[in-house]
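Dear colleague,

Here is the structure we spoke about, and below it I have set out what I found when I went through it. Please have the model open beside you as you read.

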Amino acid sequence: MRSNPVPELKRQLSDELIRAIGPRRRWDVASILGVHASRVSDLRHGKVERFTLETLIRFAALLGRRVSIVIASDRERRGPVAS
């Protein structure tokens, strides 16, 4: 059975969002993102389970980041198979 990739993607996105937010005040960031300041606190404290992947992608765009999703087969991810 394959694992769910969403939690890891959310973690990666949240790490980048925290870097993008930097030392800004949560109220300033909340204004940019169009959310309540408590949502910024949730993000800063790693509570990514409270956000959808779509929301995190939207936050990244609002903070001037571009998100790319690459889909590859397991074979492409591991590299070529030796014959």
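Leaving aside residues up to four places away in sequence, Asp42 touches Lys47, Arg50 and Phe51. Before going further I should say that this is a predicted model, so please read everything here as computed from that prediction. Asp42 itself lies in helix H3, which covers residues 37-44, and with a relative accessible area of 11% it counts as buried, because the cut-off for that word is under 20%.

As for the protein overall, it has five helices and zero strands, and read along the sequence it follows the pattern α-α-α-α-α. Of its 83 residues, 27% count as buried, while the protein exposes about 6400 Å², of which carbon and sulfur atoms supply 54%. Among the contacts between residues at least 6 apart in sequence, 52% join residues at least 24 apart.

Helix H1 deserves a closer look. It runs over residues 6-21, and at 1.5 Å a residue its 16 residues should span 22 Å, which agrees with the 22 Å that separates its end C-alpha atoms. Which residues of H1 are buried? They are Lys10, Leu13, Ser14, Leu17, Ala20 and Ile21, and because they cover an arc of only 115° around the axis, they sit on the same side of H1. The general background is that an α-helix has 3.6 residues a turn, so residues three or four places apart point the same way. What covers the buried residues of H1 includes helix H2 (26-33), H3 and helix H4 (53-62), so that H3, the helix in which Asp42 lies, is among the elements that provide this cover. Just after H1, Gly22 takes a positive phi of about 55°.

The last point concerns the way H2 and H3 meet. Their axes come within 8 Å and cross at roughly 105°, and since angles of 65 to 115 degrees count as roughly perpendicular, that is how these two helices are described. On the H2 side the contact is made by Arg26, Trp27, Val29, Ala30 and Leu33, and on the H3 side by Ala37, Ser38, Val40, Ser41 and Arg44.

With best wishes

Key:
Residues are numbered from 1 along each chain as its sequence is written. This is a predicted model: local features need pLDDT of at least 70, side-chain atom pairs count only at pLDDT 80 or more; totals for chains, interfaces and linings use all residues. Side-chain values use heavy atoms; hydrogens and water are left out. Helices (H or I, at least four residues) and strands (E, at least two) are DSSP runs, numbered from the N terminus. Buried means under 20% relative accessible area, exposed over 50%, partly exposed in between (1.4 Å probe, protein chains only). Contact means heavy atoms within 4.5 Å. The expected span of a helix is 1.5 Å times one less than its number of residues. The arc is that of the directions from the helix axis to the C-beta atoms. Accessible areas come from the Shrake-Rupley method with a 1.4 Å probe; for residues, only the protein chains shown count as cover. Axes are lines fitted to C-alpha atoms, for helices over the stretch in contact, and angles run from 0 to 180 degrees between N-to-C directions. Angles under 35 degrees count as roughly parallel, over 145 as roughly antiparallel, 65 to 115 as roughly perpendicular and the rest as oblique.
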